[in-house]
Amino acid sequence: MADLSIDFCGIQSPNPFWLASAPPTDKAYNVVRAFEAGWGGVVWKTLGEDPPAVNVSSRYSALHGKNREVIGFNNIELITDRSLEINLREITAVKKAWPDRAMIVSMMLPCEEAPWREILPLVEATGADGIELNFGCPHGMPERGMGAAVGQQPDLIELVTRWCKMYTKLPVIVKLTPNITDVRAPARAALAGGADAVSLINTINSITHLDLDRMVAYPIVGGASTHGGYCGAAVKPIALNMVAEIARDPLTRGLPISGIGGIGNWRDAAEFIALGAGSVQVCTAAMLHGFRIVEEMQDGLSRWMDTQGYANIAAFSRKAVPNTTDWKYLDMNYQVIAHIDQDKCIGCGRCHVACEDTSHQAVARLVEGNARRYEIIEPECVGCNLCEITCPVEGCITMVPQETGKPYMNWTQDARNPRAEVALGEV
Amino acid sequence: MIESLQHLPQAPGTHATLAERFTDLAPPLTARQAAIESARCLYCYDAPCTRACPTGIDVASFIRNIHDQNVVGAAIGILKQNIFGGACARVCPTEILCEDACVRNNELEAQPVKIGLLQRHAIDHAHFDTHPFRRAPATGKTVAVVGAGPAGLSCAHRLAMLGHDVVVFEARAKSGGLNEYGIAKYKLPGDFAQREVDFLLSIGGIEVRHGQILGVNLNLQDLHTRYDAVFLGIGLGASRRLGLTGEDAPGLSAAVDYIATLRQAQDLAALPVPRRAIVIGAGNTAIDMAVQLRRLGADEVTLVYRRGVEAMSATGHEIEIAKTNLVHMRTWAAPLEVLLDAAGQVRGMRFEATRMEAGRLVGTGAMIEIAADAVFKAIGQSMDGDSLFDPLAQELERDAGSDKIHVDAFFRTALPGVYAGGDCIAPGQDLTVQAVQHGKMAALAIHGDILSTSSTAGA
């Protein structure tokens with residue numbers, strides 16, 4: 001079996017699966033259960049200054065799919081609502097009992113040097129393997145000048161990161177908020193401040209849905225609601241993009257990334273790792289199904305690695321990064337055309353109506369008595385993938401690359417581009 | 001109607017214990033099941049299920065409405081195409097119609113969406129404070145409808161919607177036709193059929209007169225004179241005969257008569273029930289009869305058919321119901337003789353074994369005797385010859401080789417102003433849903449014809 005162990009900016013872990021800083025890592029009881037289940041590490045739920053935060057009731061809401069599967073998850077919880085002393089004592093005990101697991105402590109303190117100087121040594125004394133700076137929490141804490149309020153200002157990120165590097169020798173992971181325009185700016189700031197790694201994404205500002213009778217959004221607190229932090233499967237595409245942006249940014253290239261956002265199975269994890277993550281953090285999936293999901297995640301990942309011949313995580317880490325580029329460098333001469341496998345087609349007509357109504361009128365509907373047959377009108381097909389996406393039968397519609405006989409040519413080289421750089425071979 | 005069976009013992013058990021065996025054969029979906037099942041619909045374009053539905057219900061649309069928690073919208077979507085959507089959800093052979101056509105009924109999945117049960121869910125859970133369809137401004141026309149079954153009432157409802165007044169003439173004491181008198185009790189249990197009729201009539205403009213029997217106290221000539229148009233939805237009132245001696249002996253009955261009595265019985269324990277019975281036939285009525293006899297406590301019920309199972313008109317689903325209820329099946333046996341005991345009562349039947357020979361069914365000469373206290377004929381229905389006796393009715397053209405009323409594509413008979421639909425005409429599959437469609441389409445034809453006639457007259 002493939003070796004799943006990792007060394008993430010000096011932090012050793014038996015597998016790349018960590019629990020993200022969140023309710024599942026709030027206290028010793030949960031973390032011990034997580035380690036018993038097989039999680040490689042945890043990021044202990046964010047510590048702050050005393051007195052601890054106070055939470056409201058209720059706290060979570062979700063976007064459900066057709067079968068009540070949770071597509072997206074939203075929360076308005078704050079950082080730990082327990083005292084610093086209790087948390088530090090429990091972290092110490094758990095790390096001592098589970099020395100082979102990665103113990104990272106999430107922290108959120110005001111943008112002042114003193115509290116960092118005071119509390120960092122206490123955290124280091126627990127035996128923890130690293131700290132994660134929570135610059136991402138989108139609700140409650142920003143109003144107090146912390147969390148995303150810091151994460152949205154690169155100069156503050158750099159400043160706080162520098163303090164941390166000054167007052168602890170532990171690896172410092174800076175957790176980034178996605179509630180910004182360009183995630184590369186805070187990542188660069190973290191690196192400039194001396195960060196050992198970044199982790200992303202934190203949750204996205206969100207309102208999931210409303211009670212239309214009471215005219216109030218969820219989660220409802222009294223008669224009102226507020227925006228929360230969005231996570232779960234729905235945010236995975238956003239997280240993957242942000243991870244890739246940092247992984248391929250020349251200014252941050254090589255900066256270790258702990259990938260977070262909608263990871264629920266081994267395949268999700270593999271995708272994050274292929275786009276540049278060295279470890280992955282999970283929360284929503286565990287909150288919905290319990291800690292045991294890590295068993296299937298480990299099993300699936302290692303079996304897939306075996307079939308691919310990847311002996312360890314590093315063997316495929318970042319492997320998809322070189323294939324992620326700017327639009328302008330895509331090959332304008334590449335062409336795919338949809339193909340319908342008539343043996344698999346069940347005749348639902350979704351490809352036809354989707355293309356007919358909203359795209360390129362490239363799926364013909366042939367009626368023979370009661371039988372319907374759908375065929376691609378190849379000259380009209382632009383290869384958009386829409387029919388393949390709406391088709392309910394996996395593998396029925398495939399996008400087939402065409403032999404155009406034309407060489408690679410990107411937009412910067414394209415004569416149709418009025419601002420063409422006309423620099424063949426530049427890329 | 002089943003006087004010929006009065007010598008038989010009464011059903012074993014009390015009414016209450018027997019009634020428990022006649023509750024819903026297929027239980028309704030729970031809200032959770034409906035949510036899960038509705039999520040399976042792929043919302044096909046130009047969906048095959050809709051094409052397979054004789055009334056053209058937009059199945060994908062009503063299922064999407066169910067899933068989006070718009071059950072009233074779902075029900076209206078069904079009812080605007082089929083005002084008997086509730087009964088059809090229960091009695092339609094969906095396995096040969098919409099669910100057969102469902103794209104999820106493909107080889108690799110073989111699990112069609114449960115369209116019938118979802119349709120029932122929508123109708124059962126939609127509550128209307130007032131009738132959901134409004135009548136068009138009054139046209140001043142009045143149409144006579146003969147027969148308050150699915151065809152007649154569907155026609156009446158659509159005519160009422162279009163602004164016409166309707167008088168429905170019904171022979172029996174209750175409206176509903178086969179829904180009230182002819183469907184197996186466990187398919188349409190309780191007073192569902194009457195509630196559905198009440199709902200349908202709540203549109204207004206429809207008067208139903210009971211005890212009005214065509215050929216007895218009603219004739220086509222009068223109706224034709226007094227009303228702007230006439231729709232005949234008279235069904236098939238006569239049970240076919242076996243053509244054997246002993247056919248009128250005590251112990252022999254038409255299945256439809258027994259089923260009607262069963263459906264109307266206040267006390268199931270008072271019904272005569274044979275210990276051993278033979279049901280002759282191969283359609284859904286034969287299955288309904290055999291299964292209901294078993295549920296009433298008959299020990300041994302044998303369904304006899306002169307051809308093989310593959311030729312039976314009962315659907316596979318129905319045959320499964322018969323098997324589940326331990327009905328014996330005897331195929332390749334043709335009725336030869338009703339056997340009577342010394343008292344002249346049925347004691348069994350003799351059949352001749354059959355086989356196919358050069359594409360023809362022939363007797364092999366081998367005899368089969370089956371002992372039984374009663375024999376039920378379910379070999380089909382035919383037109384009641386007395387109903388269309390008057391001179392005008394004599395002019396109704398019949399289909400070649402049958403006694404069914406001939407109609408054109410718009411359900412017009414050979415007589416101008418007279419229309420017909422349901423089981424008394426040939427097209428279709430003798431299904432409730434088919435009759436509903438006939439009535440609806442005939443109403444549209446009547447509407448167009450009488451308005452164009454009157455405008456021509458006015459010009």
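**View 1. The antiparallel strands β10, β11 and β12 of chain B.** In this predicted model, strand β10 (residues 333-340) of chain B runs antiparallel to strand β11 (residues 346-357) of chain B, and seven bridges join the two. Within this pairing, B:Glu337 has B:Arg350 of β11(B) as its bridge partner. The two strands form a hairpin with five residues between them, and in its turn B:Gly344 has a positive phi of about 85°. On the other pairing described here, β11(B) meets strand β12 (residues 360-371) of chain B in the antiparallel sense over nine bridges, with B:Val362 of β12(B) as the bridge partner of B:Arg355. Two residues lie between the strands in the hairpin of β11(B) and β12(B), where B:Ala358 takes a positive phi near 50°.

**View 2. The domains of chain B and the contact of domain 2 with domain 3.** Chain B is divided into domain 1 (31-125), domain 2, which is made up of two segments (142-237 + 383-458), and domain 3 (239-381). The centres of domain 2 and domain 3 of chain B, taken over C-alpha atoms, are separated by 31 Å. Where these domains of chain B touch, six residues of domain 2 are in contact with nine residues of domain 3. The domain 2 side of this contact in chain B comprises three nonpolar residues, one polar residue and two charged residues.

**View 3. The largest nonpolar core and a second core apart from it.** The largest nonpolar core has 156 residues, and B:Phe231, B:Val279, B:Ala290 and B:Tyr419 are those with the most contacts inside it. Helix α17 (residues 432-458) of chain B gives the most to this core, contributing eight residues. Leaving aside residues up to four places away in sequence, B:Ala290 touches B:Val279, B:Val301, B:Leu303, B:Ala322 and B:Val327. Another core, of 99 residues, lies apart from the largest one and has A:Leu19, A:Met108, A:Cys231 and A:Val235 among its members. In soluble globular proteins, nonpolar side chains tend to be buried together.

**View 4. The closed barrel of chain A.** Eight strands of chain A form a closed barrel with parallel pairing, in the order β3-β4-β7-β8-β9-β10-β15-β16. From one strand to the next, the twist averages 25°. Strand β3 (residues 17-19) and strand β4 (residues 41-47) of chain A pair in the parallel sense over two bridges, and A:Leu19 stands opposite A:Val42 in β4(A). A:Leu19 is also among the residues of the 99-residue core.

**View 5. Helix α6 of chain A and its packing partners.** The buried residues in helix α6 (residues 184-192) of chain A are A:Pro186, A:Ala187, A:Arg188, A:Ala189, A:Ala190 and A:Leu191. These buried residues of α6(A) pack against the helices α4 (148-151), α5 (154-167) and α7 (236-247) and against the strands β9 (172-175) and β10 (197-200) of chain A. After α6(A) comes A:Gly194, whose phi is positive, near 100°.

**View 6. The domains of chain A and the contact between the chains.** Chain A is divided into domain 1 (6-315) and domain 2 (327-413), and the centres of these domains of chain A, taken over C-alpha atoms, are separated by 40 Å. Between the chains, eleven residues of chain A are in contact with eleven residues of chain B. The side of chain A that touches chain B is made up of four nonpolar, five polar and two charged residues.

Methods: Residues are numbered from 1 along each chain as its sequence is written. Chains are lettered from A and ligands numbered from 1 in the order in which they are written. This is a predicted model: local features need pLDDT of at least 70, side-chain atom pairs count only at pLDDT 80 or more; totals for chains, interfaces and linings use all residues. Two residues are in contact if their C-beta atoms, placed from the backbone, lie within 7 Å. Ala, Val, Leu, Ile, Met, Phe, Trp, Tyr, Cys and Pro count as nonpolar, Asp, Glu, Lys and Arg as charged, and the others, Gly among them, as polar. A nonpolar core is a set of buried Ala, Val, Leu, Ile, Met, Phe, Trp, Tyr and Cys residues joined through C-beta atoms within 7 Å. A residue is buried if 20 or more other C-beta atoms lie within 10 Å of its own, exposed if 12 or fewer, and partly exposed in between; C-beta atoms are placed from the backbone. Helices (H or I, at least four residues) and strands (E, at least two) are DSSP runs, numbered from the N terminus. Two strands pair if DSSP finds at least two bridges between them. Axes are lines fitted to C-alpha atoms, for helices over the stretch in contact, and angles run from 0 to 180 degrees between N-to-C directions. Domain bounds come from an automatic or database domain assignment.
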